[in-house]
Amino acid sequence: MIIARTIDELQEAKRERKGSIGFVPTMGALHQGHLSLIQQARKENEHLIVSIFVNPTQFLEGEDLDSYPRKNEADTKICELAGVDILFMPNIDAMYEADELCIGAPAIRGYILEGEKRPGHFDGMLQVVMKLLNLSGATNAYFGKKDAQQLALITQMVRNYFMDVNIIPCEIVRDERGLALSSRNVYLQGDEKERALCLSRSLKRATKMVMAGELNVETIKREMFNVLKDADKVEYVAIVDRAFNALEEVEIGNTIILVAAWVGKPRLIDNIWI
Ligand code: AMP
């Protein structure tokens, strides 16, 4: 595995590679969720690039940029064992200059739900993903459904800017009790691990209601809020179509149910596609 820390090193490592390039961008502290993307990309491409970059422009003032878990040594081993060809770990100066040209998240879909709670987050996310997709020269780039709104906005960016890359959505990986894996789960202490399960429980409850024939969005959301009482603060429960438009009734095959809530220190998100 080649470790590239500068743009030149990345270009050098890519030189003369023929065939498809799979790319998995991450912020590191790799877990089984990341690994499932890496494994799928490994199977589906001749070359595999993974990036680890804790992107400052997608963190808001007061968020956990400085304390975000960093585990470069363990991450490097995981990537090596997973058969990654190039691990791209740039520093901030390699990625940004002063007074940059910026792209912005769309005015509606970029400023609801996550975008409303974290205004500016998606601008920074799209900025870095644009850079990373261009740098990697990816044929196929893999993103988790865990960050459903992020995935939808990246798909839109690729469509709107006519970018030559396939965005591949990947299933959410959970622990044995149903908690969606996240690098931020390490912040959960004591009973918070137990209480954090209410997010996935609320989604399971919603799914059961839909399977029993209940399609009314308000009724389902009310029931989800009941299940979410174990969280310290629920930021939103939303039921939208796959393009993130509001729904009054669940449309089976075209719906995403999302939840964001604080449990102890971390703000957790989860969702299910119905
Ligand atoms: P992050 O390091 O949090 O920026 O995540 C990098 C990629 O891994 C993103 O595409 C995430 O959606 C994806 N990811 C994170 N957690 C999970 C999970 N539990 N299951 C599937 N994909 C995930």
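The legends below describe views of a predicted model of one protein chain.

**Figure 1. The whole chain, with 10 helices and nine strands.** The radius of gyration is 19 Å, close to the 19 Å that the globule rule gives for 274 residues, so the chain is as compact as a globular protein of that length. Along the principal axes, the C-alpha atoms fill a box of roughly 55 × 40 × 40 Å. Buried residues make up 53% of the 274. Of the contacts between residues at least 6 apart in sequence, 72% join residues at least 24 apart.

**Figure 2. The surface and charges of the chain.** The accessible surface comes to about 13400 Å², and carbon and sulfur atoms account for 51% of it. The chain carries 33 positive and 40 negative side chains. The centres of these two sets lie 4 Å apart.

**Figure 3. Helix 3, residues 72–81, and its two sides.** Asp75, Thr76 and Cys79 are the buried residues of this helix. Seen down the helix axis, they fall within an arc of 100°, so they line one face of helix 3. An α-helix has 3.6 residues a turn, so residues three or four places apart point the same way. On the other side of helix 3, the exposed residues are Glu73, Lys77 and Leu81. The buried residues of helix 3 pack against three strands: strand 1 (2–4), strand 3 (47–52) and strand 4 (86–88). Just after the helix comes Gly83, with a positive phi of about 80°.

**Figure 4. Helix 10, residues 217–227, and its packing partners.** In this helix, Val217, Ile220, Lys221, Met224 and Val227 are buried. They cover an arc of only 110° around the axis, which puts them on the same side of helix 10. The buried residues of helix 10 pack against helix 9 (197–211) as well as strand 7 (233–241) and strand 8 (255–262).

**Figure 5. Asn140 and its surroundings in strand 5.** Strand 5 spans residues 140–144 and includes Asn140. Asn140 has a relative accessibility of 11%; because buried means under 20%, this residue counts as buried. Leaving aside residues up to four places away in sequence, Asn140 touches Ile21, Gly22, Phe23, Glu44, Asn45, Val165, Asn166 and Ile168. Thr26 is 114 residues from Asn140 in sequence, and their C-alpha atoms are 15 Å apart in space.

Technical notes:
Residues are numbered from 1 along each chain as its sequence is written. This is a predicted model: local features need pLDDT of at least 70, side-chain atom pairs count only at pLDDT 80 or more; totals for chains, interfaces and linings use all residues. Side-chain values use heavy atoms; hydrogens and water are left out. Helices (H or I, at least four residues) and strands (E, at least two) are DSSP runs, numbered from the N terminus. The radius of gyration is taken over C-alpha atoms; the globule rule is 2.2 Å times the number of residues to the power 0.38. Buried means under 20% relative accessible area, exposed over 50%, partly exposed in between (1.4 Å probe, protein chains only). Contact means heavy atoms within 4.5 Å. Accessible areas come from the Shrake-Rupley method with a 1.4 Å probe; for residues, only the protein chains shown count as cover. Lys and Arg count as positive and Asp and Glu as negative; His and the chain ends are not counted. The place of a charge is taken as NZ of Lys, CZ of Arg, CG of Asp or CD of Glu. The arc is that of the directions from the helix axis to the C-beta atoms.
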